[in-house]
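Trainee: Could you take me through one part of this model closely, explaining each term as it arises?

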Amino acid sequence: MQITIAAATRLELKEDMIKQSNGHDIRILYTGVGILPSAVSITQHVLQHKPDLIIQMGIAGCFDSNIGLANVVAVKKESLGDTGVQENGEWKDVFDMGFRQKGEMPFSDKYLVNETIEKYNVLQLPEVTGVTINEITTEKARIKMLQGKYNAQIESMEGAALHYVCQLFNIPFIQIRAISNYIGERDKTKWKLKEAVASLNETVLHMLNKIE
Ligand SMILES: O=C(O)c1cccc(C(=O)CC[C@H]2O[C@@H](n3cnc4c(=O)[nH]cnc43)[C@H](O)[C@@H]2O)c1
């Protein structure tokens, strides 16, 4: 199977480890941080290589204290959390503003849903809802809004780009994230960056060895 492993940065993907996996034709793609670089990079890659599967692996912030740091999750649903307007104390996204209709391709309702996640979530990782933003969320009011409006458990800066592009091009995909920090926590001594990257890479290697 031709599998592309995509990560925003070299920090998140241990190439030597991932390449130990057997039986697949693996390509590595570094997309850069943020929605625009990752969307362009994944689109170019899809057009050039048409992979059988894209696994996006990365660290993420977490809204939910029931999910432990360094735990690994699979993202079922995504949304775009910073495209819209903050007006009169309220966040209005592209659906509220009438620029998009709920359910319009590639959205289901207002989410970018991975409909085939069960096929590739071979380790039965907990399935969560993600929100994607270009600016790491730090403000309390915004954290509350993102959790409430999008029902999000995790936040990344690239997840929705994967879901959006792969839905449009009909490419199977799965987004795997390890929790490096709780959202809003800017004290880096409380982050578990190294531990998250280690569990992320071990998990993806294990997955690759189980995917047929
Ligand atoms: O602020 C720093 O010095 C710093 C140092 C290392 C890494 C970071 C990141 O924020 C990594 C961004 C990268 O990881 C994902 N990520 C991780 N935590 C979060 C979060 O709380 N909110 C959004 N994204 C997060 C993201 O996908 C980026 O690619 C900072």
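**A pair of helices**

Mentor: The crossing of H2 and H5 is right-handed, the near helix being turned clockwise from the far one by less than a right angle, where anticlockwise would be left-handed. The model is predicted: local features need pLDDT of at least 70 and side-chain atom pairs 80 or more, whereas totals for chains, interfaces and linings use all residues. Residues are numbered from 1 along each chain as its sequence is written, and side-chain values use heavy atoms, without hydrogens or water.

Helix H2 spans residues 35-49 and helix H5 residues 159-169; helices (H or I, at least four residues) and strands (E, at least two) are DSSP runs numbered from the N terminus. Their axes come within 9 Å and cross at roughly 30°. Axes are lines fitted to C-alpha atoms, for helices over the stretch in contact, with angles from 0 to 180 degrees between N-to-C directions. H2 and H5 are therefore roughly parallel, a term for angles under 35 degrees.

From H2, Ile-35, Ser-38, Ala-39, Ile-42, Thr-43, Val-46 and Leu-47 meet Ala-161, Leu-162, Val-165 and Phe-169 of H5, contact meaning heavy atoms within 4.5 Å. By class, nine of these residues are nonpolar, two polar and none charged. Nonpolar covers Ala, Val, Leu, Ile, Met, Phe, Trp, Tyr, Cys and Pro; charged covers Asp, Glu, Lys and Arg; the others, Gly among them, are polar.

Apart from this pair, Phe-63 sits in the loop between strand E3 (53-62) and strand E4 (72-78). Phe-63 and Gln-147 are 84 residues apart in sequence, but their C-alpha atoms are 7.1 Å apart in space.

Notes:
Parallel < 35°, antiparallel > 145°, perpendicular 65-115°, else oblique.
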